[in-house]
Each structure stands twice: as structure tokens, then as C-alpha cells.
Amino acid sequence: MLSSLFRRSASSARSLLRSASASTSSRLAVAAVAAGSGLAAWSSWRESSAGDSENGVVLQSASSSSLLLSSSSSSSSMVAQAAADAHGGRRMVPLKFKDMKVFSGRANPELSKEIASSLGIPLGKISIKAFADGEIGIQVHENVRGKDVYLIQPTSPPGVNDHLMELILMISTMRRASARTITAVIPYYGYARQDRKMQSRVPISAADVARLLESVGVDRVVAVDLHCGQIQGFFRPSTPCDNLEGAVVALPYFAGLALDKGMNVTVVSPDAGGVHRAKHFRDGLKRYGVDASLAMIIKQRHRANQIASMDLVGNVNDSDVIIVDDMIDTAGTLTKAAAELKKRGARSVYAFATHGVFSPPANERIDGSVLDQVVVCNTVPLRPQMKTDKVTQLSIADLLATAIERIHTNESVSSLFR
């Protein structure tokens, strides 16, 4: 008698869903039938009707059963949500993401949650733990065979080496579990500053990291504001590397600030190597209606993180300056540059860097500096001591989620920067 009920409810649902003129109330009836009779009656029907709509949604249950509902209009999404609620709040996944799995490492779990939320899918279930001897253990708790897997793991401090090893083991685990493709989403690429030989008998560590990732089977890499764009060339042509720009997130923020305050903006590069980045930022501001000029600081170093002298190319007198760089580490260069710009007549000094590493003593230097505000993205978790009025953190989750979506659906990624 129960099986007869299941057959009748499945037949009724098929006729309702395949009717092109089905009303919202009819779709609600389908959700009600599903709620009343359970997913078992729908398992045979799901395969026969899986191609009815390219924009459907998959309702995933703990028992791996699934129910496909048409979503050709906004009302159908509400129906799918009603069905999800009726089945214990199981998560809905857009049909185009049904073969996608997103997993997070331990380096920046908050960013991973934001990305998954933006995509509208749950994070994959994975356990990562440290053993007593310091080794890392990983176990994936769901099937990834034939799936397109995205691993979100910046190799950022603190614990750069642990985060890198964790990423390597995650890639290896997914490859051994027969994932179809593996994309490493690395918001902060550790060792990026060691991108060339500045003296004899030193490694090119950025290239070695690329080789390590390829050796365990990564198919694609998505990074954000690599210290040097040529790092993309350290990967073989068979391993594409997308370098996203954090300025996409910062430009609306600074444009709004400049327009609200009537600022006379000058964008400054803190070194010769960052002129292209600063010019690109200035051009971006112009697209938002902010006319800005460009200047550059030429610095001479004694050694890493120690500046000997600074010279300015350009004019910042009576300007509101925005220093643009890819990262802030100890903030020594940044605070000295800000002081130099103030001496040259700048009214206010702001700073933007995609990666807020903030190694000690960055917090003391920034607090005691002439900087009005420092803006960074959340590619690196903000250290507790940096949560001050002078530091603002912007989320890059939507940008990364959009890039993941476009990669997964074979759409253009470069169009994100136009």
C-alpha cells in the first residue's frame, strides 16, 4: 500500500513539473507531495527529468538522496526553499554546482565560509588535525569521485609552512579520492617574495612552491595579487594560474570616500616595481568619477625590511594621498613613506594593500604613524592586535566566489577586471 502511494505521488509530481504553464500553487503542491511522501518516491523520477531545466536546483539530503525542482522563475526558488524546509532544512545547491565541492583548510575558515555562502553551497566536510608529533592528518567525509573540487587555503602567516603542507596534503587526498579536477584557491601565496635570485646560492622559493603543488596533482590555481605577476609562469601551461586583483574590492570604497570628502587624490606607489599597480588603481578611480594623479617613491634598502632613504617622483602638495601596494608586512616601509609624503605637503595619507600580513611590530608602527587609515582585504586573517580604528578590512569573498563560478561554468575570468 505504501509503495502504491509512492508511485501515485511520483506520477502526480511528474505531470505537474512537466507542464509548461504550471502555476506557483502547482509547484507548491509538488513540494507538499514531496514533504508528505518522502524522497524515496522521487528517486526513479529524478533521473528521467534531470535535464528538464538548466537552471534547476538540487536538494541534498544526508542520505545522498536528491530532488530536482524546476527553477525557471523566482517563484520556483521559493518552492524549492519550502521543500528544503519541509525536509529538515537540507541545503539547496544550484544545478550548475551539482558537480562542485568546496573545501576549506584551517588557514582562513571565515573567508571560506563567506565564499561558500556567496556561491549558495555548503562547505564540504573534512577533518584536519595535528598529531602530537606535529604531523598533519586529513580525512574527507564525503564522496568527491568525479567532482570538481575547489580547495580554499591561503599559505599565510602565522604558520606558513603548516598551511602550505596542509594544502599539499589536501590536494593529494582529493587526487587519490578520484576528484575530476582540483583547483587550489590561494588568496595569499606564501613565499611569493622569493621570486628571483638576488644573490648567489639562494632558492627561487615561489617557483619551488609551484612545483610542489603540481607534483601532487593540482589542475588550476587561483591567487590574489601575486607579489610578482610572473609567478604565474612558474606553473606549467597545463596548470593555469589566475591572478585576481584586490583593487576590484577597494576601488568602490576609496571612490566613495573621495567623493564624499571632496578629496584631491594622488595615488602613490611605494616603490618602482609597483608603478603599474598604482597606475591601474588610478585608472580604476577615474572610472568611478574620481580624477587622480600619480606619484612614486624610490627607496634604497640596507636589507630586507630596512629602508635607507626615500625620494619622491611627482607632486603631492595639498593632496589626499593613497599609497597602493600588494602587502603590508612589518609596516616599516609604509609608515616611513607616509611620513615622507606628509613632509612633502600631503593633507592626508591613506594606504591600501591587498594582503595585511602585519608582522610585529606593525601595530605599534601604524598606531604611531601619520596614516589616517589603512585598508586591507581579508586574504589573511586580521591579527587581534590590528583590530584598531586605523585599520579597515574589506571582504574579497564575493570576488573569489564569482571567479570560482566562472571557472566552473567555463566563463571569462578576465572580464571581472574590465
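Which residues does Glu-214 touch, not counting residues up to four places away in sequence? Select Glu-214 in this predicted model and show what surrounds it. The residues in question are Phe-235, Arg-236 and Thr-239. Glu-214 belongs to helix 7. Its relative accessible area is 10%, and because the cut-off for buried is under 20%, Glu-214 counts as buried.

**The whole chain**

Zoom out and colour by secondary structure. The chain holds twelve helices and 17 strands. Of its 418 residues, 50% count as buried. Take the contacts between residues at least 6 apart in sequence: 65% of them join residues at least 24 apart.

**Helices 6 and 7**

Return to helix 7, residues 205–215, and add helix 6, residues 160–176. The two axes lie 9 Å apart, and the helices pack at an angle of about 25°. Angles under 35 degrees count as roughly parallel, and helix 6 and helix 7 are therefore described that way. Now show side chains between them. From helix 6 come Leu-164, Leu-167, Ile-168 and Ile-171. They meet Val-209, Leu-212 and Leu-213 of helix 7.

**The five-stranded sheet**

Next, select strands 4, 7, 8, 9 and 10. They form an open sheet in the order 4-7-8-9-10, with parallel pairing. Strand 4 (100–104) and strand 10 (241–244) are the edge strands, each pairing on one side only. Going from one strand to the next, the twist averages 15°. As background, strands of a sheet pair through backbone hydrogen bonds, either parallel or antiparallel.

Look inside the sheet at strand 7, residues 148–152. Five bridges pair strand 7 with strand 8 in the parallel sense. One place to check is Val-149, whose bridge partner in strand 8 is Ile-182. Strand 8 covers residues 181–186, and five of its six residues are buried.

Move to strand 9, residues 220–224. Strand 9 runs parallel to strand 10, and four bridges join them. Select Ala-223 to find Asn-243 of strand 10 standing opposite.

**Two nonpolar cores**

Hide the backbone and keep the nonpolar side chains. In soluble globular proteins, such side chains tend to be buried together. The largest nonpolar core here has 48 residues, and Phe-254, Phe-281 and Leu-285 touch the most other members. Helix 8 (residues 247–261) gives the most to this core, with eight residues.

Centre the view on Phe-281. Leaving aside neighbours within four places in sequence, Phe-281 is in contact with Ala-247, Ala-250, Leu-251 and Phe-254, among others. The remaining contacts of Phe-281 are Val-267, Ile-322, Val-324 and Phe-352. Another core, of 30 residues, lies apart from the largest one. Among its members are Ile-128, Val-149, Ile-171 and Met-174. Two of these names have come up before: Val-149 at the bridge to strand 8, and Ile-171 where helix 6 meets helix 7.

**Helix 12**

The last stop is helix 12, residues 397–408. From its first C-alpha to its last, this helix of twelve residues reaches 16 Å, close to the 16 Å expected at 1.5 Å a residue. Which residues of helix 12 are buried? Select Ala-397, Leu-399, Leu-400, Ala-401, Ala-403, Ile-404, Ile-407 and His-408 to see them. Then step just past the helix to Asn-410, which takes a positive phi of about 60°.

Terms used. Residues numbered from 1 in each chain as written. Predicted model: local features only at pLDDT ≥ 70, side-chain atom pairs only at ≥ 80, totals over all residues. Heavy atoms only, no water. Pairing = 2+ DSSP bridges. Axes fitted to C-alpha atoms, helices over the stretch in contact; angles between N-to-C directions. Core = buried A, V, L, I, M, F, W, Y, C linked by side-chain atoms within 4.5 Å. Buried < 20%, exposed > 50% of the residue type's maximum accessible area, 1.4 Å probe, protein only. Contact = heavy atoms within 4.5 Å. Expected span 1.5 Å × (residues − 1). Parallel < 35°, antiparallel > 145°, perpendicular 65-115°, else oblique.
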